[in-house]
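Trainee: Before I use these labels, I would like to hear the grounds for each of them.
Mentor: Then ask about them one at a time.

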Amino acid sequence: MAASRGGYWRVDGMNDIGWKIDHGVFSIGQVSGDVLTFDLEGRIIFASISGRSYRRTIMNRFIEIITANGIRTTRELDYGEAQEIADVIYSRLGTLISAVALSGTDGPGLEWMGKRDWKWLVSDAGRLTEIYGGGIPVIPPDQYFALYVRYTRGCPWNKCSFCRLYTGINYAVSSVSSVLSQVDELRAALGRGIDSRRTVFLGDANAINTRTSEVVKVITALRETLGLPVYAFSDAFTTPLSKSESDYSQMHSAGLHRVYIGVESGSRKVLEILNKPMDLDTALAEMRQMKAAGISLGVIIMSGAGGRALAEDHIRDTSHFVANLPLGRGDMVYISPMVEYRESPYYDIVTKEKLGILSAAEKMAQAQELKDRILGLWKERNTLPPNFPVAPYLLAESIY
Ligand code: SF4
């Protein structure tokens, strides 16, 4: 293959077309226009085309990303729209690759990729769904390029009033050997596409709260097989009851890099409505132990939790809680706008208690206020400026 592999752009000056292959991702586009990216099997990853941006997840869901007046909005495309945009992207890819070939420039050598199509994408995602035994409900926003490995299935608690992620899924833990078979199957299915995966995400919810010796074996095996850092979710109410700093140290030594914890709120009143049985002191101790063990934190809080009635409690207590955490380089704070599913117990509570559901704009304003207060409190309590990002976590974008 003649394409640039060093991560720098090669340019066909005659056609104003550039391309590169970097970290297993092939990008091609017109220097002054559209950019398309694919993995090395031709799966669409991202496309900026005719002024619109699209991201495709590995399970073949397409998200349209629109940024207007500094505000970013996202929307998942329906089946027909996704098929249409996939056809446009492959057709555009074919045109760009042919133009380079015709100009006599040393092209990327990926002419076959323009012949991929929607049918292939559907069957590819179907194979992955079979391997996982179903769809993957959620990943953290920075894990878009992860290889998801399903070690546990569902959530052992599964009773938070607002959460629909694992509804109807019976919690189960896989053996080390079946995790490794799953990895073999994923490697075979992804082919050269595996090169675009930069981390391993150990799913589902709370995968680290299995027997320490087992989870350490799983992380070690993944690290040895794939050579990638491992990330996972944890809760802050069952995990701290069974894990110590020594357990976290073993997981970190095996390759666990960051753990994402859905704290949601620092307000006891709000946590009660969320049916999250989290003792805030225990949660704080858990996160301190993880940090002491060398594991980075991804702390997730929500904007809009508790509705309008509890907004001030939620903002005040959550910002104080987060500003007290031992955060630093490598940690992240995510603010996720609450999604009130009509069929959820949370929706029943907020409507019955007349708490008032915040509008999308109010949730965005609350997210900004949470961020400002967290960073303000952090600066009051620490001599060094905060060196961790406080970023949005949009569920609509965090699909695999
Ligand atoms: S612990 Fe997390 S995954 Fe489980 S029910 Fe609560 S929010 Fe959902």
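The exchange below goes through the labels and the values behind them.

Trainee: What kind of model is this, and how are residues numbered?
Mentor: The model is predicted, so local features need pLDDT of at least 70 and side-chain atom pairs count only at pLDDT 80 or more, while totals for chains, interfaces and linings use all residues. Residues are numbered from 1 along each chain as its sequence is written.

Trainee: Why is Ile335 called buried?
Mentor: A residue is buried if 20 or more other C-beta atoms, placed from the backbone, lie within 10 Å of its own, exposed if 12 or fewer, and partly exposed in between. Ile335 has 25 C-beta neighbours inside 10 Å, so it counts as buried. Ile335 belongs to strand 16 (residues 332-337); strands are DSSP runs of E of at least two residues, helices are runs of H or I of at least four, and both are numbered from the N terminus.

Trainee: Which residues does Ile335 touch, leaving out those up to four places away in sequence?
Mentor: Contact requires C-beta atoms, placed from the backbone, within 7 Å. By that test Ile335 touches Ile301, Ser303, Ala367, Leu370, Lys371, Val390, Pro392 and Tyr393.

Trainee: Why is Leu128 partly exposed, and why is Lys352 exposed?
Mentor: Leu128 has 19 other C-beta atoms within 10 Å, so it is partly exposed. Leu128 sits in helix 2 (residues 118-132) and, neighbours within four places aside, is in contact with Ile58, Met59 and Ala189. Lys352, in helix 10 (residues 345-352), has 8 other C-beta atoms within 10 Å and is therefore exposed.

Trainee: What makes a group of residues a nonpolar core?
Mentor: The members are buried Ala, Val, Leu, Ile, Met, Phe, Trp, Tyr and Cys residues joined through C-beta atoms within 7 Å. The largest nonpolar core here has 73 residues, and Leu202, Ala232 and Val299 touch the most other members. Apart from that core lies another, of 26 residues, among them Ile45, Phe62, Ile89 and Leu121.

Trainee: How do you know that the length of helix 4 agrees with expectation?
Mentor: The expected span is 1.5 Å times one less than the number of residues. Helix 4 (residues 212-226) has 15 residues and should span 21 Å; its end C-alpha atoms are 21 Å apart, so the two agree.

Trainee: Why are the buried residues of helix 4 said to line one face?
Mentor: In helix 4, Val215, Val216, Val218, Ile219 and Leu222 are buried. Seen down the axis, these buried residues fall within an arc of 160 degrees, so they line one face of helix 4; the arc is that of the directions from the helix axis to the C-beta atoms. On the other side of helix 4, Ser213 and Glu224 are exposed. The buried residues of helix 4 pack against elements including helix 3 (176-190), strand 12 (199-203) and strand 13 (230-234).

Trainee: What about helix 8: which residues are buried, and why are they placed on the same side?
Mentor: The buried residues of helix 8 are Ala283, Glu286, Met287 and Met290. They cover an arc of only 95 degrees around the axis, which puts them on the same side of helix 8. What covers them includes helix 5 (239-242), helix 6 (245-254), strand 14 (256-264) and strand 15 (296-303).

Trainee: What makes the phi of His23 and of Asn158 worth listing?
Mentor: Most residues other than glycine have a negative phi, and most peptide bonds are trans. His23 has a positive phi of about 50 degrees although it is not a glycine, and Asn158 has a positive phi near 55 degrees. His23 is in the loop between strand 2 (17-22) and strand 3 (25-30). The peptide bond from Gly203 to Asp204 is cis, with omega near 0 degrees.

Trainee: Which residues surround the ligand, and how do they divide by class?
Mentor: A residue counts as near the ligand if its C-beta atom, placed from the backbone, lies within 6 Å of it. Among the residues around the ligand are Cys155, Trp157, Asn158, Lys159 and Asp235. The shell has seven nonpolar, two polar and two charged residues, where Ala, Val, Leu, Ile, Met, Phe, Trp, Tyr, Cys and Pro count as nonpolar, Asp, Glu, Lys and Arg as charged, and the others, Gly among them, as polar.

Definitions and conventions
Contact = placed C-beta atoms within 7 Å.
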